[in-house]
Amino acid sequence: MMHILVVLALLSSCKCSFHPFSGPLKNASPKRPVGTYKLSPQEYSVNETLVDWVTKNNFPGISNKMMVEHVDLYRGYVKNANTLLANMAKSSIDSVMKLELGRRFGFEANGVHLHELFFSNLHPSPASPSENLVSVISDEFGSFNKFLERIQIIGGTRGTGWVTMTLDKSLNRLILNWVNEHQDGQSIGDVVLAVDCWEHAYIKDYKSTARGDYLQNLVKLIDWEVVERRLKAAM
Amino acid sequence: MTLNQINDHFRYYEKAVANYNALTTLLANDSVPEQEKKQIEFRRTYENNTIRLHELFFENINPKRILPSLEFTDKIASAFGNLSAIEQDLVAVSEAEGVGWAGLFASNDSVVVAFIRGSDFGSVSDAGYKPLIIIDCWEHAYVKDFGMQGKKEYVSTLTKYIDWGVVEKRFNDIRSA
């Protein structure tokens with residue numbers, strides 16, 4: 001009883017715009033009115049426009065042969081994600097082993113999303129970033145060049161995965177970090193930049209020990225207009 | 001498998017050794033904060049796993065087809081049926097998502113085919129399993145020669161080049177320990 005009085009006292013005195021807990025209050029009506037909405041569920045499908053973008057253009061430092069193979073991997077992720085969706089719907093919820101299918105879903109689904117984000121933030125000869133973007137980036141990373149260095153440093157993380165940049169809305173900050181495989185360590189927020197650091201992304205054109213060289217080239221292919229557009233949409 | 005692919009793989013292994021040594025030097029450096037040292041130790045375990053797994057891998061492949069003794073075939077095959085069943089199982093587990101190592105492992109009383117994710121050697125050794133066969137299924141092991149979709153073909157090919165003499169010796173060492 002005492003702690004409820006303390007909490008109510010705090011609530012009346014604090015100017016915060018949200019309740020610190022979400023339990024039902026004594027006088028709240030038991031049924032909240034809920035607006036109706038509808039989802040139209042689909043399957044993943046290969047974005048052929050995106051495929052054309054990366055396979056019909058010449059990206060310096062990335063051979064077309066490697067790009068074509070990379071696209072095939074992406075097609076595989078789309079297929080696997082859809083297969084998993086179908087199997088997860090079929091499986092009995094009581095079966096512990098079939099629940100493991102769900103564990104794999106993040107891997108396949110993020111595999112689809114991250115590859116689409118990656119392919120669409122590449123440009124054969126990108127324009128310089130806008131003054132606004134440079135300013136926002138510099139606030140977080142010191143300077144635009146330091147930011148480009150940071151992408152390469154984080155991209156050198158041992159293991160297999162991605163460098164992603166997300167907008168964390170509760171911090172109002174850009175978070176640049178390593179994601180292991182496709183799903184471990186992904187920060188919560190809209191992804192504004194994705195850089196594929198899996199070996200398949202560079203190993204046909206570069207030595208296995210040369211991820212650094214691949215990244216040094218990759219940062220010259222990032223489409224800053226796309227990054228900025230995503231950031232504005234996320235804000 | 002081309003020399004280009006194999007030589008590149010050796011360079012990768014050498015880099016892991018260099019990384020391990022660099023991390024060891026860092027750990028010996030008094031000016032590195034304690035919290036960072038914990039992280040470095042963790043990474044050094046990772047590098048160590050990478051090194052050990054690569055050594056086991058390079059040791060157990062041979063361009064000459066080396067078959068096991070009848071005695072060994074009886075022991076192992078009784079669990080799987082025959083050697084080609086083991087080969088097929090290795091190909092099957094290698095289709096696991098992500099990168100890692102396909103292998104045959106033995107404990108005191110059982111032999112299993114399993115997939116090590118990433119470099120997580122601990123996942124099998126903590127369960128009491130020691131390696132008999134190790135096949136590298138990271139992309140650097142096969143993409144140059146077999147393409148990005150070539151993992152299955154690569155593992156199938158490699159099962160023909162397993163040095164069963166080495167595998168048999170490992171098995172005997174485990175069971176006599």
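This is a short dialogue on a predicted model, asking what stands behind some of the terms used for chains A and B.

Student: What makes up chain A, in helices and strands?
Tutor: Chain A has eight helices and three strands. Along the sequence the pattern reads α-α-α-α-α-α-β-β-β-α-α.

Student: Which part of chain A carries a domain annotation?
Tutor: Residues 130-230 of chain A. The unreviewed UniProt entry labels them "domain: Manganese/iron superoxide dismutase C-terminal". That span is 38% helix and 23% strand. Its end C-alpha atoms lie 14 Å apart.

Student: Which residues of chain B carry the annotation?
Tutor: The unreviewed UniProt entry places "domain: Manganese/iron superoxide dismutase C-terminal" on residues 71-170 of chain B. Here the chain is 46% helix and 21% strand. The end C-alpha atoms are 14 Å apart.

Student: Why is helix 5 of chain A called roughly perpendicular to helix 6 of chain A?
Tutor: Take the angle. The axes of helix 5 (residues 131-141) and helix 6 (residues 144-155) of chain A cross at roughly 65°. They come within 8 Å. Angles of 65 to 115 degrees count as roughly perpendicular. So helix 5 of chain A is roughly perpendicular to helix 6 of chain A. The crossing of these two helices of chain A is left-handed.

Student: Which residues meet where helix 5 and helix 6 of chain A pack?
Tutor: Helix 5 of chain A brings A:V134, A:I137, A:S138 and A:F141. Helix 6 of chain A brings A:F144, A:K146, A:F147 and A:R150.

Student: Why is helix 3 of chain B called oblique to helix 4 of chain B?
Tutor: Again, take the angle. Helix 3 (residues 70-80) and helix 4 (residues 83-94) of chain B pack at about 55°, with axes 8 Å apart. Roughly parallel needs an angle under 35 degrees, and roughly perpendicular needs 65 to 115. The angle fits neither class, so helix 3 of chain B is oblique to helix 4 of chain B. The contact uses B:T73, B:I76 and B:F80 from helix 3 of chain B, and B:L83, B:A85, B:I86 and B:D89 from helix 4 of chain B. Helix 3 of chain B passes helix 4 of chain B in a left-handed crossing.

Student: Which residues touch the most other members of the largest nonpolar core?
Tutor: A:F147, A:I151 and A:M165 do, in a core of 106 residues. Helix 3 (residues 64-90) of chain A gives this core its largest share, eight residues.

Student: What does A:F147 touch, leaving out residues up to four places away in sequence?
Tutor: A:F147 touches A:I137, A:F141, A:M165, A:L176, A:L193 and A:W224.

Student: What sets A:N172 and A:E181 apart, buried or exposed?
Tutor: Start with A:N172. Its relative accessible area is 65%. Exposed means over 50%, so A:N172 is exposed. Now A:E181. Its relative accessible area is 5%. Buried means under 20%, so A:E181 is buried.

Student: Where do A:N172 and A:E181 lie?
Tutor: A:N172 lies in the loop between strand 1 (161-168) and strand 2 (173-180) of chain A. A:E181 lies in the loop between strand 2 and strand 3 (190-196) of chain A.

Student: What is phi at A:N172 and at A:E181?
Tutor: Phi of A:N172 is near 55°, a positive value in a residue other than glycine. Phi of A:E181 is also near 55°, and this residue too is not glycine.

Student: How many residues of chain A count as buried, as a percentage?
Tutor: Of its 235 residues, 38% count as buried.

How values were computed
Residues numbered from 1 in each chain as written. Chains lettered and ligands numbered in written order. Predicted model: local features only at pLDDT ≥ 70, side-chain atom pairs only at ≥ 80, totals over all residues. Heavy atoms only, no water. UniProt positions renumbered as here; feature names shortened; annotations may be inferred. Helix = DSSP H or I, 4+ residues; strand = E, 2+ residues; numbered from the N terminus. Core = buried A, V, L, I, M, F, W, Y, C linked by side-chain atoms within 4.5 Å. Buried < 20%, exposed > 50% of the residue type's maximum accessible area, 1.4 Å probe, protein only. Contact = heavy atoms within 4.5 Å. Axes fitted to C-alpha atoms, helices over the stretch in contact; angles between N-to-C directions. Parallel < 35°, antiparallel > 145°, perpendicular 65-115°, else oblique. Left-handed = near helix turned anticlockwise from the far one by under 90°.
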